[in-house]
Amino acid sequence: MAKLPGRKRGRALSRLAVAAVAAALVGTSASAAVADAPVPAPMKNLDMNKLAQAAPKAGAGAHAKARATVRARTQSATPVFGMFGVERSSGFLYQYVLDGRGGFDERTFVTGNWDLFKAAAPVDNDDNGDRDGMWAWDNAGNLYFNSATESRTVGGGWNMYDKVLSPGNLGGGGAYDILARDKSGVLWLYLGYNNGKVDPRVKIGAGWGGYTQIAGAGDLTGDGKADIVARDGSGVLWLYKGTGNYKAPFSPRVKVGAGWNGYNALVGTGDVDLDGRADLVARGNDGKLWLYKGTGNASAPFAPRKQLGFGYNIYSWMF
C-alpha cells in the first residue's frame with residue numbers, strides 16, 4: 001500500500017494538490033494501487049490509460065501506439081477522462097482509469113488534502129480526446145487551473161456559486177468553458193482558454209436552482225457539441241443540447257425520463273466504454289455505481305444502465 005501523506009492546510013497547498021492531480025491527468029506521474037477499494041466489475045483487460053502513464057518507461061514508441069489505439073476507438077474528439085473520487089474519511093484523492101471493457105480498473109492513490117476542494121473538472125483543450133489539464137475550486141472560493149504547461153490561480157470569489165462544472169467547449173472557442181450557478185439559481189457561462197484564463201461571465205438564464213444535479217462531459221447527442229443533463233427535484237432528468245453559441249449555449253430542454261432520485265451523484269466522465277460517445281455515471285443512494293452508455297441520439301441519449309461496482313458512498317464527491 002502506498003504511504004499516505006500527513007494532513008496540511010492552506011491556499012499554497014491547494015495549488016500543489018491541483019498540480020499533483022493535473023500531473024496524473026496528463027500521464028506524468030505514477031500512482032500506487034490500493035486494495036481496500038470499492039469493488040469494480042470483475043473485468044481485467046489492457047488499459048490504454050495505464051499504458052500511456054507507463055509510456056515514458058516503455059519508450060516513445062509504446063506511448064504513441066497506446067494513444068493511437070485510444071484515438072482509433074474513440075473517434076478522436078470524445079473525451080476519455082476516467083473518474084476521480086475524494087474519500088470522505090481521509091480527504092485522499094483516488095483515480096479510476098478505464099479497464100478497456102466498459103468499466104473501471106482498481107483505484108489508485110493520487111494525492112492527499114482534497115477535502116480542501118469542493119469541485120474539479122478535467123479538460124481536453126486540444127480536442128484530441130486526452131485529458132490535458134484541469135480546473136479545480138477550493139472551499140475558500142479560489143479557482144485554479146493546471147496543465148502540463150500552465151499553473152495558475154485564476155481568481156477568488158467563487159463561493160458565490162453553489163454549482164460549478166466544465167462540460168466542454170460550449171461557446172465555440174478553443175477550450176473547455178465553465179458553467180457556474182449562483183445561489184439565486186442563475187446560470188452563468190465563463191469562456192475558457194487553454195492557458196487557464198477566462199472571459200467575464202455571460203448570463204445564461206434564471207431558474208436553474210430547481211435542479212439537484214447538473215452534469216456532463218462531452219457530446220451526448222452526436223452533433224459534435226458539448227451537452228449537459230440536469231435532474232429536477234421530482235427526479236426527472238432533462239437533456240440540454242449544446243448549440244456552440246456562447247450567448248445561447250443550450251437548446252430548450254428535452255425530457256430524458258423520471259426516477260432519477262435514486263442517485264445521489266451524477267458524474268460526466270466522458271467516454272467510458274470507448275465507443276466514441278460520451279456516457280454518464282450515476283451513484284445510487286446505496287453506493288452502487290452505474291454506467292449509462294451514450295447512444296448519440298438526442299431523443300433517447302442513454303442505453304439501459306450497467307452496474308460498474310458498489311461501495312462508492314465512501315466518496316464525498318466524484319468527478
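**Exercises on a four-stranded sheet and a nonpolar core**

An open sheet of four strands, ordered E6-E7-E8-E9, shows antiparallel pairing, where strands are DSSP runs of E with at least two residues, numbered from the N terminus, and two strands pair if DSSP finds at least two bridges between them. The model is predicted, so local features need pLDDT of at least 70 and side-chain atom pairs count only at pLDDT 80 or more, while totals for chains, interfaces and linings use all residues. Residues are numbered from 1 along each chain as its sequence is written, and side-chain values use heavy atoms, with hydrogens and water left out.

**Exercise 1.** Identify the edge strands of this sheet, and then describe the pairing of E8 with E9.

*Solution.* Begin with the edges: strand E6 (117-123) and strand E9 (151-155) each pair on one side only. Next, follow E9 to strand E8 (residues 143-147), with which it pairs in the antiparallel sense over four bridges. Finally, find Leu 143, which stands opposite Gly 155 in E9.

**Exercise 2.** State what share of the chain is buried, and locate the largest nonpolar core.

*Solution.* First, buried residues (under 20% relative accessible area, with a 1.4 Å probe and protein chains only) make up 55% of the 319 residues in the chain. Second, the largest nonpolar core, a set of buried Ala, Val, Leu, Ile, Met, Phe, Trp, Tyr and Cys residues joined through side-chain atoms within 4.5 Å, has 19 residues, and those with the most contacts inside it include Met 83, Phe 104 and Tyr 312. Third, the elements giving two or more residues to this core are strands E4 (93-96), E18 (263-270), E20 (289-292) and E22 (315-318).

Methods:
Buried means under 20% relative accessible area, exposed over 50%, partly exposed in between (1.4 Å probe, protein chains only).
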